[in-house]
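Got the viewer open and a selection box ready? Let's walk through this one stop by stop.

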Amino acid sequence: MAEHGIPGRYLDGFVPILTEVAATGRRLTREEIKARRTLGEQAAEAGLGLRALVVAHLAAARGAWPVGPGSAESTPAALAAVEQAVDAFAEGYERAQRLTVRREEAARREFIDDLLYGRSDLGRLAERAERFGLRLSRAHAVAVAEGPQPYVEGGPVARRVEGELLARFDSHSILLTTKSGRLLCIAPGDNDEVLDHFARQACAATEGGRVAVGRPQPGPGGVVQSYEEALAALDMAERLGLPGPVLHAADLLVYPVLARDRQAMADLVQHTLGPLTGARGGAGPLLETLVAYFDAGCVAAEAARRLSLSVRALTYRLERIRKLTAADPADPAHRYMLQTAVIGARLLGWPGQPL
């Protein structure tokens, strides 16, 4: 079988079986079928292609095909023997491949868990990363997509995004995976185009999806840092109602700074906005008014449109806020304090959550 590039040992016993079956008309025994399966498993583990292996079996069958008197009568039995032998061989081959795939998936999942949670020795982690196409000595960035429904490894959305991404970029430097129902893309930090394309494809694949992109971070621990930044950006977007399907952690750095000292932020919210709780209907409607007013760039007409109010009604609310807090949202001297307090209230979930 050298002409087919297949070592002869993977066809051990095939020709003698075929010759005997042609002479006797018997079917393959259970042990013979088991032996063919075992050879198929060994061929798969050796990395040989199934197509070449089947061709080699057919070529061997042709060389041993019965000829002469009585060959017509033995042909059906010989064909049945070839069918049984090749089927058993392919079954063993496919079983070995499935086991290999499951082992690879388990190893890949373990690596991703260690990579994203920093649970492994960094030196060892860097060695394992090369197997999956990542060189952790360089900077990497992580984009995280979340949608209305959890992403599933190997699911249609994940496959679609992966196909679009790998059709355009070198797959050896990109790692696409799922984690906690989210879709992740890990890419070299000096190639913004990869993560931008991933973000576009992930948003296009689902309605209502959102993607956050962490900053490039160097070294084996950089992936964890970028991943955590992307998660934090998604959380900030949810709590603050930030617009846009794509968020960049680099554009949101002010929010983690504000949230870092929770007690100080709670004091600011309580001191600045606490008096709003004395309004009829509570602080909620007036806080909503401030959010819309600041989001609209302090343009009363636009804020009123967003709240489905008349400009007169909005102006009344702003005046009510000024009287309760002694701070005028339209006054630049008061605006920064009020806006910071509003951001803090949204980050802390106030007034729904007590400070």
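Start by selecting S226, which is buried: its relative accessible area is 0%, and the cut-off for buried is under 20%. This is a predicted model, by the way. S226 sits in helix α8, residues 222-240. Now show what surrounds S226: leaving aside residues up to four places away in sequence, S226 touches H140, A141, V142, G214, R215 and Q217.

Next, go to V152. Is V152 buried or exposed? V152 is exposed, at a relative accessible area of 55%, and exposed takes over 50%. You'll find V152 in the loop between β1 (140-146) and α6. Turn on contacts for V152 and, residues up to four places away in sequence not counted, you get A158 and T178. Then put a distance label between the C-alpha atoms of V152 and T177: they are 9.1 Å apart in space, with their positions 25 residues apart in sequence.

From that loop, move on to helix α6 itself. Select α6 (residues 156-166) together with helix α7 (residues 192-205); their axes come within 9 Å and cross at roughly 145°. Which hand does the crossing of α6 and α7 have? The way α6 passes α7 is right-handed. To see who does the touching, colour V157, R160, V161, E164 and L165 on the α6 side, then V194, H197, F198, Q201, A202, A204 and A205 on the α7 side. Colour by class and this contact splits into eight nonpolar, two polar and two charged residues.

Another helix pair comes next. Bring up helix α10 (residues 262-273) with α14: here the axes come within 9 Å, and the crossing angle is roughly 120°. α10 and α14 are therefore oblique to each other, and their crossing is left-handed. On α10, the contact residues are R262, M265, A266, L268, V269, T272 and L273. Their partners on α14 are M337, L338, T340, A341, V342, G344, A345 and L348. By class, the α10 and α14 contact holds 11 nonpolar, three polar and one charged residues.

Stay with α14, which covers 332-348, and carry on into the segment after α14, where P351 has its place. What is the peptide bond from W350 to P351 like? The bond is cis, with omega near 10°. In that segment after α14 you can also pick G352, which is exposed with a relative accessible area of 65%. Label the C-alpha distance from G352 to A283 as well: it comes to 9.6 Å, for two residues 69 apart along the chain.

Now select helix α11 (residues 284-295) and helix α12 (residues 300-307). How do their axes meet? The axes come within 8 Å and cross at roughly 130°. α11 and α12 are therefore oblique to each other, and α11 passes α12 in a right-handed crossing. Show E288, T289, A292, Y293 and D295 from α11 as sticks, then add A300, A303, R306 and L307 from α12, which they meet. Sorted by class, these contact residues come out as five nonpolar, one polar and three charged.

Keep Y293 on screen and add F294. How many aromatic pairs does the structure hold? The structure holds one. The ring centres of Y293 and F294 are 5.9 Å apart and the ring planes are at 55°, so the pair is tilted. Tilted is the class here because planes have to be over 60 degrees apart to count as edge-to-face. Y293 and F294 are both buried.

Two backbone stops are left, so get your phi values ready. In the loop between α11 and α12, pick C298. C298 is not a glycine, yet it has a positive phi of about 65°. Then jump to the loop between α13 (311-325) and α14, where A326 is found. What is the phi of A326? Positive, at about 65°, and A326 is not a glycine either. A326 counts as exposed, at 62% relative accessibility.

Terms used:
Residues numbered from 1 in each chain as written. Predicted model: local features only at pLDDT ≥ 70, side-chain atom pairs only at ≥ 80, totals over all residues. Heavy atoms only, no water. Axes fitted to C-alpha atoms, helices over the stretch in contact; angles between N-to-C directions. Helix = DSSP H or I, 4+ residues; strand = E, 2+ residues; numbered from the N terminus. Parallel < 35°, antiparallel > 145°, perpendicular 65-115°, else oblique. Left-handed = near helix turned anticlockwise from the far one by under 90°. Contact = heavy atoms within 4.5 Å. Nonpolar A, V, L, I, M, F, W, Y, C, P; charged D, E, K, R; others polar. Phe/Tyr/Trp six-rings, centres within 6.5 Å; stacked < 30°, edge-to-face > 60°. Buried < 20%, exposed > 50% of the residue type's maximum accessible area, 1.4 Å probe, protein only.
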